[in-house]
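Please open the structure in your viewer and keep the selection panel at hand. The tour proceeds by stops, each with something to select.

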Amino acid sequence: MTKKLSYKRLLLKLSGESLMGSQQFGISTSACTAIAKNVKEMRDNGLEVAIVIGGGNIFRGVNLKELGMQRTPADHIGMLATLINGIALKQALESLNCDAHVMSALDCPTVAERYNWNHALDTLKTGKVLIFVGGTGNPYFTTDTAAALRASEIHADIILKATKVDGIYNKDPLKHSDAVLYPEITYSQILAEKLEVMDATSIALCRSNKIPIFVFNMQLLGKKPILDILSEKKGTLVKGE
């Protein structure tokens with residue numbers, strides 16, 4: 001399967017919700033293990049795998065607006081939630097004998113190594129799965145932007161973006177039954193049509209660094225190998241100007 005793909009180094013962008021499974025909150029052991037098995041299979045097929053994970057299963061900063069909390073501390077709490085998820089995913093991978101390493105954009109030395117570009121590249125070359133947490137380390141930036149930033153820094157061949165739907169549509173398919181799925185789309189079209197699959201900053205960063213994005217349904221993660229999802233084009237590919 002790997003021979004059919006031109007990618008060697010992948011960055012998988014996971015939402016915190018992907019770890020919930022059927023739960024309404026928190027981390028599902030079965031969902032976390034299913035993702036870990038899929039990631040391990042990628043690693044075992046000779047791919048270098050990095051992951052950026054969100055924290056929405058634990059905390060969403062936007063929810064604190066109703067409580068009058070300022071955006072900066074709310075975003076800080078959200079970054080800490082990603083650290084929790086990263087540790088859980090690391091443990092799930094290591095339970096499968098798949099070495100993993102967590103790097104944080106926030107200083108938390110007793111839990112995770114502070115992000116270091118040189119060490120990140122060295123870690124990937126050893127075959128370890130590298131999990132990036134803490135977003136960019138700055139408020140007002142999403143974990144999608146963190147994914148685009150880290151993918152650019154580690155020279156990833158592609159970003160795999162797991163979402164709640166089957167790819168990128170011309171409008172929200174959860175609200176509009178006549179929404180049309182794009183098998184392929186350009187960065188500029190996403191920005192022009194204001195499609196909300198990723199924020200504008202992350203799309204622009206990927207366009208500048210010519211990093212393709214493959215958007216697919218996160219429900220496939222525990223059911224189908226990512227390599228099959230890619231080769232069978234079960235999603236939307238973003239590339240071109």
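The stops below lead from the sheet to the cores, the charged pairs and some individual residues. Please keep in mind that this is a predicted model.

**The sheet**

Begin by displaying the strands as a cartoon. An open sheet is formed by 9 strands, in the order E4-E3-E5-E2-E1-E6-E10-E11-E9, with mixed pairing. Its edge strands are E4 (113-114) and E9 (184-185), each of which pairs on one side only. In general, strands of a sheet pair through backbone hydrogen bonds, either parallel or antiparallel.

Next, select residues 100-104, which make up strand E3. E3 and E5 run parallel and are joined by 5 bridges. Within this pair, valine 102 stands opposite isoleucine 131 of E5.

Now add residues 29-44, the helix H1. H1 lies across E1, E2, E5 and E6, and runs at about 150° to E2.

**The nonpolar cores**

In soluble globular proteins, nonpolar side chains tend to be buried together. Which residues touch the most other members of the largest nonpolar core? Select Leu14, Ile51, Leu89, Leu93, Val129, Ile131 and Leu160, which hold that place in a core of 37 residues. H1 supplies the largest share of this core, 5 residues. Apart from this core lies another, of 31 residues, including Leu124, Ile159, Ile185 and Ile211.

Centre the view on leucine 160 and show its surroundings. Leaving aside residues up to four places away in sequence, leucine 160 touches Leu10, Leu11, Leu12, Lys13, Met42, Phe214, Phe216, Ile226 and Leu230.

**Helix H4**

Select residues 143-153, which form helix H4. Is H4 mostly covered or mostly uncovered? H4 is mostly covered, as 8 of its 11 residues are buried. Colour these buried residues: Asp144, Thr145, Ala146, Ala147, Ala148, Arg150, Ala151 and Ser152. They pack against strands E1 (9-14), E2 (48-53), E5 (129-133) and E6, as well as helix H6 (200-208).

Then inspect the two ends of the helix. At the N-terminal end, threonine 142 acts as a cap, with a side-chain oxygen 3.2 Å from the backbone nitrogen of aspartate 144. H4 is followed by histidine 155, which has a positive phi near 60°.

**Salt bridges**

Side chains of opposite charge can pair when their charged atoms come close. How many salt bridges does the structure hold? There are 12 salt bridges in the structure, and the following three are suitable for inspection.

- Select lysine 161 and aspartate 144, which form a salt bridge whose closest N and O atoms are 2.9 Å apart. Lysine 161 belongs to strand E6 (residues 158-163) and aspartate 144 to H4, so this pair ties together parts 17 residues apart in sequence. Both lysine 161 and aspartate 144 are buried.
- Select arginine 71 and aspartate 75, a salt bridge with its closest N and O atoms 2.8 Å apart. Both residues lie in helix H2 (residues 71-95), 4 residues apart, which is about one turn of the helix. An α-helix has 3.6 residues a turn, so residues three or four places apart point the same way. Arginine 71 is partly exposed, at 32% relative accessible area, whereas aspartate 75 is buried, at 14%.
- Select glutamate 232 and lysine 224, a salt bridge in which the closest N and O atoms are 3.3 Å apart. Glutamate 232 is partly exposed at 40% relative accessibility, and lysine 224 is partly exposed at 22%.

Finally, add Lys13 to the view: salt bridges that share partners join Lys13, Asp144 and Lys161 into one network.

**Helix H5 and two lysines**

Select glutamate 193, which is located in helix H5 (residues 187-193). Its relative accessible area of 35% makes glutamate 193 partly exposed. Draw a distance from glutamate 193 to leucine 19: the two are 174 residues apart in sequence and 30 Å apart in space, C-alpha to C-alpha.

Move on to lysine 194, in the loop between H5 and H6. Lysine 194 is not a glycine, yet its phi is positive, about 55°. Is lysine 194 buried or exposed? Lysine 194 is exposed, since its relative accessible area is 69% and exposed means over 50%.

The last selection is lysine 233, in the loop between helix H7 (226-231) and strand E11 (236-238). Lysine 233 has a positive phi near 55°, and lysine 233 counts as exposed at 66% relative accessibility.

Terms used: Residues numbered from 1 in each chain as written. Predicted model: local features only at pLDDT ≥ 70, side-chain atom pairs only at ≥ 80, totals over all residues. Heavy atoms only, no water. Salt bridge = Lys/Arg side-chain N within 4 Å of Asp/Glu carboxyl O. Helix = DSSP H or I, 4+ residues; strand = E, 2+ residues; numbered from the N terminus. Buried < 20%, exposed > 50% of the residue type's maximum accessible area, 1.4 Å probe, protein only. Contact = heavy atoms within 4.5 Å. Polar contact = N/O pair within 3.5 Å; in protein donor to acceptor, adjacent residues only side chain to side chain. Pairing = 2+ DSSP bridges. Axes fitted to C-alpha atoms, helices over the stretch in contact; angles between N-to-C directions. Core = buried A, V, L, I, M, F, W, Y, C linked by side-chain atoms within 4.5 Å.
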